[in-house]
Each structure stands twice: as C-alpha cells, then as structure tokens.
Amino acid sequence: MTALDLTPDQLLTTTRAVRKRLDFSRPVPDDLVRECVAAALQAPSGSNNPSMAFVVVRDEASRRALGEIYRQCYGIYRTLDGVYIRSIDKGTDDANARQERSADSADFLGEHMGEAPALVVACTTGLRLDGVPAMMAASLLGNILPAMWSFMLAARARGLGTAWTTVHLMQEEAVAELLGIPFGEVQQVCLSPLAFTVGTDFKAADRPEPDSVIHWDRW
C-alpha cells in the first residue's frame with residue numbers, strides 16, 4: 001500500500017497510542033506486518049546480536065483469551081493510586097481534562113484489546129531479565145525497545161494504529177502458556193493492538209518544553 005505522506009518529524013510526533021480509533025472490522029494483511037517487522041529489525045542491537053522477537057496473534061480464540069488476561073490485569077492497574085492514568089493529577093484543569101480523555105481511551109482498550117484483528121507481543125530472547133545486572137538488562141532491552149518503536153512508526157506510516165501497553169506482564173507466565181512462549185528464556189516487554197485506524201489525522205501531543213528536561217553538562 002502507499003505510505004502516508006508524512007515528513008520524518010510528522011511521523012515521529014504523530015505516532016500516538018491509538019485505542020478508540022482502531023478499526024476492529026478490517027483485517028491486517030500479513031505482508032504489512034512483515035514490512036513493519038522488517039523496519040523493526042533495522043533498529044540498534046547491542047553487540048550486533050539482535051535478540052528481538054514478535055509474537056503476532058491473529059487467531060480469534062487466542063486474541064480473545066489474551067484480551068481477557070489483559071482485561072483482568074487492567075482491573076488491577078485501575079486500583080493503583082498514583083499509577084493508574086485517571087488517578088494522576090496533572091496540575092491544571094486543562095491538563096486534567098486531557099488526562100481524563102486519555103483515561104477514557106485507556107479504559108476502552110482495557111475492555112476491547114482482544115477485538116483487534118492482530119495483537120503483537122514484543123519479546124527479547126535468550127535470557128530473562130529477572131535479577132540481572134543493570135548493564136545487561138539495559139543492553140537486552142536496548143534491542144527490543146527501539147525495535148518495537150520502529151515497528152510502531154512503520155505501522156503508522158502504513159495507516160495502522162498501535163498502543164504500547166505493559167499491564168499484561170502482571171500475568172506474563174499465563175500469556176506465555178497461552179501463546180507457547182518459552183517463559184524461562186524469553187522476556188515479554190510490550191503488548192500492542194494492531195489495526196487500521198479510523199482516519200489518519202493524528203496530531204502531536206502536548207508535551208513539556210525541551211529545556212524543562214535537558215540537563216546541560218551535568219544534572
């Protein structure tokens with residue numbers, strides 16, 4: 001398919017977490033998934049040793065089962081004051097109104113994750129990260145994290161929507177059993193829906209000024 005007419009900066013700044021605007025009725029062709037993974041594999045990999053892997057769940061029963069696990073985990077997430085998106089005070093009425101809209105969107109996905117035509121579980125292979133030294137954990141995550149972001153950018157360029165989520169990791173072992181992921185040697189990192197979007201006119205989000213997060217020369 002023809003890629004969206006986006007400049008690099010537009011692609012980077014308008015690749016949003018898409019939830020309510022996912023088209024659950026339209027299948028995602030396998031070749032588009034392959035194109036997104038091909039882009040993801042061009043991301044940096046520590047020691048030139050790619051360890052990223054992607055479980056793409058298309059089977060309806062498996063998607064529904066994974067969606068149910070996500071729904072259960074999301075229910076726990078909603079009880080975590082100061083962590084759950086709706087419990088975070090952003091400081092101003094306008095910012096809190098935007099936070100409420102984001103929370104409504106997140107709640108929607110909590111109930112409907114399994115309805116997306118494809119679900120993508122991003123993983124790092126070869127070693128679990130439980131208790132490993134910080135350098136090793138950062139190196140291994142430094143493979144899959146930029147790769148999954150590249151996947152999402154490639155998806156956006158093709159009219160597809162994604163949303164980075166992690167709450168399913170509360171039941172990571174159950175997801176591993178459901179999908180045949182070897183839990184002892186494969187670490188799940190992210191779960192994203194994958195679907196065509198309803199419209200492609202996404203905008204940059206409200207973010208802090210760069211100087212509010214830059215520390216020149218030292219902290």
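# Notebook: helices, hollows and a few single residues

I began with Q99. Setting aside neighbours within four places in sequence, I found Q99 in contact with I85, I88 and K90. The model I am reading is predicted. Q99 sits in helix 4. Is Q99 buried or exposed? Its relative accessibility is 12%, so Q99 counts as buried. The cut-off for buried is under 20%.

**Entry: helix 3 with helix 4**

I stayed with helix 4, which spans 93–112, and turned to its contact with helix 3. The axes of helix 3 and helix 4 come within 7 Å. They cross at roughly 140°. That angle makes helix 3 oblique to helix 4. I noted that the label "roughly antiparallel" needs an angle over 145 degrees.

Which residues make the contact? From helix 3 come Y70, R71 and Y74. From helix 4 come A103, A106, D107, L109, G110 and E111. I sorted this contact by class and got 5 nonpolar, 1 polar and 3 charged residues.

**Entry: helix 3 with helix 6**

Next I looked up another partner of helix 3. Helix 3 covers residues 60–77, and helix 6 covers residues 172–179. Their axes lie 10 Å apart. The packing angle is about 175°. Helix 3 and helix 6 are therefore roughly antiparallel to each other.

I listed the residues that meet here. Helix 3 brings S62, A65, L66 and I69. Helix 6 brings A174, V175, L178 and L179. By class, the contact of helix 3 with helix 6 holds 7 nonpolar residues and 1 polar residue. I found no charged residues in it. The contact of helix 3 with helix 4, by comparison, has 3 charged residues.

**Entry: the cavity**

I then looked for enclosed space. How many cavities of 30 Å³ or more does a search of the whole structure find? The search finds 1. The volume of the largest cavity is about 50 Å³.

I wrote down the lining of the largest cavity: T14, T15, R16, V18, M152, R156, L160, G161, T162, T197 and F202. Helix 5 (134–157) supplies at least two of these residues, and so does strand 3 (160–161). By class, the lining of the largest cavity has 4 nonpolar, 5 polar and 2 charged residues.

**Entry: the largest pocket**

I moved on to open space. The largest pocket has a volume of about 970 Å³. I counted 23 residues in its lining. Which of them lie nearest the centre of the largest pocket? They are R16, R98, S102, A205 and R207. I had already met R16 in the lining of the largest cavity.

The lining of the largest pocket divides into 8 nonpolar, 3 polar and 12 charged residues.

**Entry: the second largest pocket**

The second largest pocket holds about 220 Å³ of space. Its lining has 15 residues. Closest to its centre are R19, Y70, Y77, W164 and T165. Y70 was familiar to me from the contact of helix 3 with helix 4. Those two helices each supply at least two residues of the lining of the second largest pocket.

I sorted this lining as well. The lining of the second largest pocket divides into 11 nonpolar, 3 polar and 1 charged. For the largest pocket I had noted 12 charged residues.

**Entry: positive phi**

I checked backbone angles next. Most residues other than glycine have a negative phi. I noted two residues with a positive value.

S47 is not a glycine, yet its phi is positive, about 60°. S47 lies in the loop between helix 2 (30–40) and strand 1 (52–57). Is S47 buried or exposed? S47 has a relative accessible area of 76%, so S47 is exposed.

D217 is also a residue other than glycine with a positive phi, near 70°. I placed D217 in the segment after strand 4. At 85% relative accessibility, D217 counts as exposed. The cut-off for exposed is over 50%.

**Entry: G199**

My last lookup was G199. Where is G199? G199 is in the segment after strand 4, and strand 4 runs 186–196. The relative accessibility of G199 is 36%, so G199 counts as partly exposed. I also checked G199 against N49. The two residues are 150 residues apart along the chain. Their C-alpha atoms are separated by 38 Å.

Technical notes:
Residues are numbered from 1 along each chain as its sequence is written. This is a predicted model: local features need pLDDT of at least 70, side-chain atom pairs count only at pLDDT 80 or more; totals for chains, interfaces and linings use all residues. Side-chain values use heavy atoms; hydrogens and water are left out. Helices (H or I, at least four residues) and strands (E, at least two) are DSSP runs, numbered from the N terminus. Buried means under 20% relative accessible area, exposed over 50%, partly exposed in between (1.4 Å probe, protein chains only). Axes are lines fitted to C-alpha atoms, for helices over the stretch in contact, and angles run from 0 to 180 degrees between N-to-C directions. Angles under 35 degrees count as roughly parallel, over 145 as roughly antiparallel, 65 to 115 as roughly perpendicular and the rest as oblique. Contact means heavy atoms within 4.5 Å. Ala, Val, Leu, Ile, Met, Phe, Trp, Tyr, Cys and Pro count as nonpolar, Asp, Glu, Lys and Arg as charged, and the others, Gly among them, as polar. On a 1 Å grid over the protein atoms alone, a cavity is a set of points where a 1.4 Å probe fits but cannot get out, and a pocket is an open set with protein on both sides within 12 Å along at least five of seven lines; lining residues have an atom within 4 Å of a point. Grid points are joined across faces, edges and corners, and a volume is the space filled by probe spheres set on the points.
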